[in-house]
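Got the viewer open? Here is a short tour, with something to select at each stop.

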Amino acid sequence: MGKTFDQFTMQDPTTQYPGPEFEKQPQPAPGLARDMKPKPDHGETSYKGFGRLAGRRALITGADSGIGRAVAIAFAREGADLVLNYLPSEEADAQEVLQLATKEGRKVLAIPGDVGHEKFCKSLVDQTVEGLGGIDILVNVAGKQHAVENIADLTTEQFEATFRTNVFAMFWLCKAALPHMPPGATIINTSSIQSYQPSPLLLDYASTKAAITAFTHGLAKQVAGKGIRVNAVAPGPVWTPLQPSGGQPQEKVMRFGAEVPMKRPGQPAELAPIYVLLASQESSFVTGEIYGVTGGNHLP
Ligand code: NAD
Ligand code: MG
């Protein structure tokens, strides 16, 4: 999909990728990218790397699909070795990423597991350090989003699970990774436009994204003196399995992206270059920032 298959050719961004109306396409959470119609573009055939992350060692959560997959493909093509984390039920998606990243000649390890548990987060970082010989980049992409219309129906279990996946995991992974990180290392979190413009259907999710924004600002200041940078990306609507697998009601999936000035959702491939920039030394004076990639419904 997409009109021109590289990230450089000049073209009209409003028609570069499909816009609504989309088909209804319910999936159980976490959804699979391979079952989406149309298939998202994660940069599989389009992303060109230039060695901007040569020799870096990166841990990426949520790396099987969506934004995490696009980041994994881009990082591998920029010369980084990778650990890919995802949930065991997503093995089919993860294998596709593993193949693509390994084809770049990089060392790539797949470590499935639930980041909602502190013990697993610690072991994920330990396995990264052991497997790759260290850790220079931590990219927190894993996220849970489940729309609930009425607060009366939002259970404590869901509220807690959303916070565990989106906020606690980020805290545990940062805490475990930082002692291993050399000066020049970077952490990139994944916030959302929801941090600033919460949808009434996403009380728990939007609150976690606001927490991620505040955590990113604060941690950046705490570790700046060590030469470690911490930033976040805040996407607007992006065409990923998070949305049809309960992230939005199906009626909203059909109209997904219509509310932004560009009148379409973003594709994961359009997010990856920002993660690459924030991971690389090119952004050496950038820390504590939240980068919007929103199709026009900008951050405040
Ligand atoms: P996605 O479904 O492709 O990716 C989310 C990933 O999170 C899943 O692939 C899964 O591997 C991982 N995950 C979920 N729960 C987990 C758990 N308990 N343990 C380990 N991994 C777990 O969807 P995506 O849209 O690419 O989401 C990536 C990030 O982008 C999320 O943090 C999401 O909040 C954020 N985001 C997405 C959008 C959007 O419109 N798609 C907008 C703003 C922010
Ligand atoms: Mg997935």
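The stops below go from a helix to a cavity, then to a pocket and two single residues. Keep in mind that this is a predicted model.

**Stop one: helix α3**

Select residues 118-132, which make up helix α3. Put a distance between its end C-alpha atoms and you should get 21 Å; at 1.5 Å a residue, the 15 residues of the helix should span 21 Å, so the two values agree.

Now colour F120, C121, L124, V125, T128 and L132, the buried residues of α3. Turn the view until you look down the axis of α3: these buried residues fall within an arc of 140°, so they line one face of the helix. Many readers will know the rule behind this: an α-helix has 3.6 residues a turn, so residues three or four places apart point the same way. Swing round to the other side of α3 to find K119 and E130, which are exposed.

What covers the buried residues of α3? Show β1 (57-60), β2 (81-84), β3 (108-110) and α4 (156-177), which are among the elements that do the covering. Before you leave, click on G133, which follows α3 and has a positive phi, near 85°.

**Stop two: the cavity**

How many cavities of 30 Å³ or more does the structure hold? There is one, and the space in this largest cavity comes to about 80 Å³. To centre on the largest cavity, select N140, V141, A142, T165 and N166, which lie nearest its centre among the 14 lining residues.

Which elements should you show around it? α4, β5 (186-190) and α5 (203-223) each supply at least two residues of the lining of the largest cavity, and α4 gives the largest share, five residues. Coloured by class, the lining of the largest cavity shows seven nonpolar, six polar and one charged residues.

**Stop three: a pocket and helix α8**

Next, go to the second largest pocket by selecting Q16, Y17, R264, E270 and L271, the residues nearest its centre out of 31 in the lining. This pocket holds about 500 Å³ of space. Its lining has 14 nonpolar, 13 polar and four charged residues. At least two lining residues come from each of α8 (272-279) and β7 (290-293).

Stay with α8 and pick out A272, Y275, V276, L278 and A279, its buried residues. Look down the axis of α8: the buried residues fall within an arc of 165°, so they line one face of this helix too. Which elements do the buried residues of α8 pack against? Show α1 (66-77), β4 (137-140), β5, β6 (229-235) and β7 to see the partners.

**Stop four: A185 and Q158**

Select A185, in the loop between α4 and β5. Is A185 buried or exposed? Its relative accessibility is 0%, so A185 counts as buried. Beyond its neighbours within four places in sequence, A185 is in contact with D136, G227, I228 and R229. For a sense of scale, add A29: A185 and A29 are 156 residues apart in sequence and 33 Å apart in space, C-alpha to C-alpha.

Finish in helix α4, at Q158. Relative accessibility here is 13%, and because buried means under 20%, Q158 counts as buried. Leaving out residues up to four places away in sequence, Q158 touches H146, V148 and D204, so bring up those side chains as the last selection.

How values were computed:
Residues are numbered from 1 along each chain as its sequence is written. Chains are lettered from A and ligands numbered from 1 in the order in which they are written. This is a predicted model: local features need pLDDT of at least 70, side-chain atom pairs count only at pLDDT 80 or more; totals for chains, interfaces and linings use all residues. Side-chain values use heavy atoms; hydrogens and water are left out. On a 1 Å grid over the protein atoms alone, a cavity is a set of points where a 1.4 Å probe fits but cannot get out, and a pocket is an open set with protein on both sides within 12 Å along at least five of seven lines; lining residues have an atom within 4 Å of a point. Grid points are joined across faces, edges and corners, and a volume is the space filled by probe spheres set on the points. Helices (H or I, at least four residues) and strands (E, at least two) are DSSP runs, numbered from the N terminus. Ala, Val, Leu, Ile, Met, Phe, Trp, Tyr, Cys and Pro count as nonpolar, Asp, Glu, Lys and Arg as charged, and the others, Gly among them, as polar. The expected span of a helix is 1.5 Å times one less than its number of residues. Buried means under 20% relative accessible area, exposed over 50%, partly exposed in between (1.4 Å probe, protein chains only). The arc is that of the directions from the helix axis to the C-beta atoms. Contact means heavy atoms within 4.5 Å.
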